[in-house]
Amino acid sequence: ICCKSGMDKVTSRKGDSKKKGQKYQNSFKFRHYKGSGKGKAAKSIPLDKLCQRCHDTIKWKIDYEKYKPLTQPSRCKKCAQKNIIKAYRIICDSCAVTEGKKLCTKCGKES
């Protein structure tokens with residue numbers, strides 16, 4: 001009834017159906033190549049106007065060579081101006097400070 005060959009669908013996973021974590025974890029920080037300009041540029045980027053959680057996330061991206069800088073300015077979610085020049089941000093620096101509250105420029109929550 002199910003298939004013409006008479007066989008039911010068979011899964012490729014044997015035994016447990018629960019997924020396991022990744023096989024290899026990063027055990028040490030990536031060492032930037034001395035001739036690379038990307039590592040120097042990423043380390044010189046200021047990590048200001050961020051909450052602690054977002055600061056740690058971007059710091060991890062810099063340390064493990066996962067940080068990708070913006071090629072073009074992106075649009076702010078508050079004022080809709082194209083003036084965000086730092087990567088992984090959704091609010092521009094001027095909007096994060098002007099409302100009297102200090103907002104995180106990455107997640108938008110109050111820091």
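This is a short talk about the salt bridges, helix α2, nonpolar cores and cysteines of one predicted model.

Okay, thanks everyone. Keep in mind throughout that we're looking at a predicted model, so every distance I quote is computed from that model.

Let's start with charges. How many salt bridges does the structure hold? Four. The one I'd like you to find on the screen is between K86 and D48, where the closest N and O atoms sit 2.9 Å apart. That pair ties together distant parts of the chain. K86 is in the loop between α2, residues 52-63, and α3, residues 93-98. D48 is in the loop between α1, residues 37-43, and α2, and the two partners are 38 residues apart.

Now, is K86 buried or exposed? With a relative accessible area of 15%, K86 is buried, since the cut-off for buried is under 20%. Its partner D48 comes out at 28%, so D48 counts as partly exposed.

K86 has another acidic partner. The side chains of D93 and K86 also meet in a salt bridge, at 3.2 Å from N to O. D93 is partly exposed, at 31% relative accessible area. Salt bridges that share partners then join D48, K49, K86 and D93 into one network.

If you prefer to think in polar contacts, K86 shows up there too: its side chain is joined to that of D48 at 2.9 Å, and to that of D93 at 3.2 Å. And what does K86 touch once we leave aside its neighbours within four places in sequence? The list is P46, D48, L70 and D93.

Next, a salt bridge inside a helix. D63 and K59 meet through their side chains at 4.0 Å, N to O. Why do these two line up? They are four residues apart in helix α2, so about one helical turn separates them. D63 is buried, with a relative accessible area of 11%, whereas K59 is partly exposed at 37%.

While we're on α2, let's look at the helix as a whole. There's a nice little sanity check on its length. At 1.5 Å a residue, its twelve residues should span 16 Å, and the end C-alpha atoms are indeed 16 Å apart, so the two agree. The buried residues in α2 are C54, I58, I62 and D63, and the buried residues of this helix pack against α1. Just after α2 comes E65, which has a positive phi, near 60°.

Over on α1, have a look at K40, which lies in that helix. K40 is exposed, with 59% relative accessible area. K40 and I62 are 22 residues apart in sequence, and their C-alpha atoms are 9.9 Å apart in space.

On to the greasy parts. Which residues make up the largest nonpolar core? There are nine: A42, L50, C51, C54, I58, I62, Y67, A87 and C104. Helix α2 gives the most to this core, with three residues. One member, A87, touches Y67, K68, P69 and L70, if you don't count residues up to four places away in sequence. There's also a second, separate core of seven residues, and its members include C76, I91, C95 and L103.

You'll have noticed some cysteines going by, and I know what this group is going to ask. A disulfide is a covalent bond between the sulfur atoms of two cysteines. How many disulfides does the count come to here? Zero. Take C54, which is in no disulfide: the nearest cysteine sulfur belongs to C51, and it is 3.4 Å away. The cut-off for a disulfide is 2.5 Å between the sulfurs. C54 is also buried, with a relative accessible area of just 3%.

C107 tells a similar story. Its sulfur is 3.6 Å from the closest cysteine sulfur, in C104, and that is too far for a bond. C107 counts as partly exposed, at 30% relative accessibility.

So, to wrap up with the picture I'd keep in mind: there's a charged network of D48, K49, K86 and D93, a helix α2 whose buried residues pack against α1, a nine-residue nonpolar core to which α2 gives the most, and a disulfide count of zero. That's it from me, happy to take questions.

Terms used: Residues are numbered from 1 along each chain as its sequence is written. This is a predicted model: local features need pLDDT of at least 70, side-chain atom pairs count only at pLDDT 80 or more; totals for chains, interfaces and linings use all residues. Side-chain values use heavy atoms; hydrogens and water are left out. Helices (H or I, at least four residues) and strands (E, at least two) are DSSP runs, numbered from the N terminus. Buried means under 20% relative accessible area, exposed over 50%, partly exposed in between (1.4 Å probe, protein chains only). A polar contact is a pair of N or O atoms within 3.5 Å; within protein, one must be able to donate a hydrogen and the other to accept it, and residues adjacent in sequence count only if both atoms are side-chain atoms. Contact means heavy atoms within 4.5 Å. The expected span of a helix is 1.5 Å times one less than its number of residues. A nonpolar core is a set of buried Ala, Val, Leu, Ile, Met, Phe, Trp, Tyr and Cys residues joined through side-chain atoms within 4.5 Å.
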